[in-house]
Amino acid sequence: MIITMQRDATPEQIRAVCDRIRELGFAPHEMPGAQCTAVCITGNKGAVEASLFTRLDGVADAVAVSQPFKLVARETHPEPTVIEVRGVRIGGGGLCVMAGPCSVEGREQVMTTAAHVRAHGAQVLRGGAFKPRTSPYEFQGLKDEGLRLLAEARDATGMPIITEVKDTETLDRVAAVADILQIGARNMQNFSLLERVGKIGKPVMLKRGLSSTVKEWLMAAEYIVASGNRDVILCERGIRTFETLTRNTLDLGIVPILRHLTHLPIVVDPSHGTGVARAVGPMARAAVAAGVDGLMIEVHPVPARALSDGPQALTFAMFEEVMRDVRRIAAAMDQELS
Ligand code: PEP
Ligand code: MN
């Protein structure tokens, strides 16, 4: 249930509503909005009687939420969530490009890539330090040294950094450095990790699971928000289908559906979404045309030598060209690079 407060409701009236919700054994979630505050109820098994709240002072309305996910639903929060990190805005109209190598491999590699992507319009630097790899024999990332290099690249370029948090064990070390925590596709339903990042005051980008439905994905996002962290970004990165010519099938069709269902910012990752460098640019353009808030793109100085995801990495020249095209599509959509 979502309780909408009157525009002039006082903090005491809002507190009284939250107290009443707790008294009934449920959890209140205050959601301040541009017009008024709403209070969302979670923890109820069945329907809650609206009249329990509509008679309280300062309450404008109380209605049931139709979706199983509540806090991430647009129903409960009509305005888009806008996340601000080191001066970069994600969500709410602009386009945010996150770019960088799949894995941080060394100082020179990450510094040159960071400088290049920044020079061509990326606002956030990506790079994996703790890498979840399909094979235990593959490069597992530079780990803490990778984090240190990312921080150095941030200092040099001013770009906020996003990196994956692979498990609860290393979460604190990653969270001490990262500006945005990435939860990878393989961890989308790692509920203990979701709850833990929900208690950390840094934005989280939740990638869609390899075989997850949109509803499962939104329920996973709900875990993070219900644990106390509202700054969640959704990232479509392709799903597993019968097709083998692409690494994953990029599911762009869900962009407008997500937009309708949730207020969270939507990012598309055409790199993992296709796994094929030549497909990245066209799918980045298509994603912008579909109305996303951001893109995540893998770039490497020498893709042929990349220690992970070389086949999908853009060269510097390719990234430059993709950004030129993306800007034109964004302009046609009246969207500016944030
Ligand atoms: C990545 O971003 O490098 C990554 C491992 O992505 P995903 O979790 O989408 O496979
Ligand atoms: Mn990768």
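Hi everyone. Let me start with a definition: a residue counts as buried when its relative accessible area is under 20%, as exposed when that figure is over 50%, and as partly exposed in between. By that rule D309 is buried, because its relative accessible area is 17%. Please keep in mind that this is a predicted model.

Let's stay with D309 for a moment. This residue is found in the loop between strand 14 and helix 11. Its phi is near 55 degrees, which is a positive value in a residue other than glycine. And D309 has a metal to hold: its OD atom is one of the protein donors of the manganese ion, ligand 2.

So which protein atoms make up the donors of that manganese ion? They are SG of C102, NE2 of H272, OE of E298 and OD of D309, lying 2.0 to 2.4 Å from the ion. For those of you who like to think in motifs, the spacing of the donor residues in sequence reads C-x169-H-x25-E-x10-D. Take C102 and E298 as a pair: they link distant parts of the chain, 196 residues apart. C102 sits in the loop between strand 7 (96–100) and helix 3 (107–119), while E298 belongs to strand 14, residues 294–298. Are these two buried or exposed? C102 comes out at 6% relative accessibility, so C102 counts as buried. E298 is buried as well, because its relative accessible area is 1%.

Let me step back to the overall layout. The protein chain is divided into domain 1, covering 2–63, and domain 2, covering 83–332. Taken over C-alpha atoms, the centres of the two domains are separated by 35 Å.

Next, a sheet. Four strands form an open sheet, with the order 2-3-1-4 and antiparallel pairing. At its edges stand strand 2 (27–32) and strand 4 (59–63); each has a single partner strand, so one side of each is left without a neighbour in the sheet. On average, neighbouring strands here are turned by 20 degrees against each other, if direction is ignored. Looking inside the sheet, strand 1 (residues 2–5) and strand 3 (residues 37–42) run antiparallel and are joined by 3 bridges. If you want a residue pair to click on, I3 has V39 in strand 3 as its bridge partner.

Another strand residue I'd like to show you is Q182. This residue lies in strand 10, residues 180–183. Its relative accessibility is 4%, so Q182 counts as buried. What does Q182 touch, once residues up to four places away in sequence are left out? The contacts are R126, I162, T163, E164, V165, M205, K207 and M296.

Now for the charges. In general, side chains of opposite charge can pair when their charged atoms come close. How many salt bridges are there here? The count comes to 19.

Let me walk you through a few. The side chains of R173 and D144 meet in a salt bridge, at 2.7 Å from N to O. R173 lies in helix 5 (residues 171–177) and D144 in helix 4 (residues 144–157), so this pair ties together parts that are 29 residues apart in sequence. With a relative accessible area of 40%, R173 is partly exposed, and D144 is partly exposed too, at 35%.

Then there is K166, which forms a salt bridge with D167; the closest N and O atoms are 3.7 Å apart. K166 counts as partly exposed, because its relative accessibility is 25%.

My last pair is D325 and R328, where the closest N and O atoms of the salt bridge are 3.5 Å apart. Both belong to helix 11 (residues 316–332), and because they are 3 residues apart, about one helical turn separates them. What about their accessibility? D325 is buried, with a relative accessible area of 18%, whereas R328 counts as exposed, at 61%. Salt bridges can also share partners, and in this way R107, E145, R148 and E152 are joined into one network.

Finally, let's look at the segment after helix 11, where D334 lies. D334 has a phi near 60 degrees, again a positive value in a residue other than glycine. Buried or exposed? D334 is exposed, with a relative accessible area of 74%, whereas D309, where we started, is buried.

Thanks for listening, and I'm happy to take questions!

Note on methods. Residues numbered from 1 in each chain as written. Chains lettered and ligands numbered in written order. Predicted model: local features only at pLDDT ≥ 70, side-chain atom pairs only at ≥ 80, totals over all residues. Heavy atoms only, no water. Helix = DSSP H or I, 4+ residues; strand = E, 2+ residues; numbered from the N terminus. Buried < 20%, exposed > 50% of the residue type's maximum accessible area, 1.4 Å probe, protein only. Contact = heavy atoms within 4.5 Å. Domains from an automatic or database assignment. Salt bridge = Lys/Arg side-chain N within 4 Å of Asp/Glu carboxyl O. Donors = N, O, S within 2.8 Å, 3.2 Å for Na, K, Ca; no water. Pairing = 2+ DSSP bridges. Axes fitted to C-alpha atoms, helices over the stretch in contact; angles between N-to-C directions.
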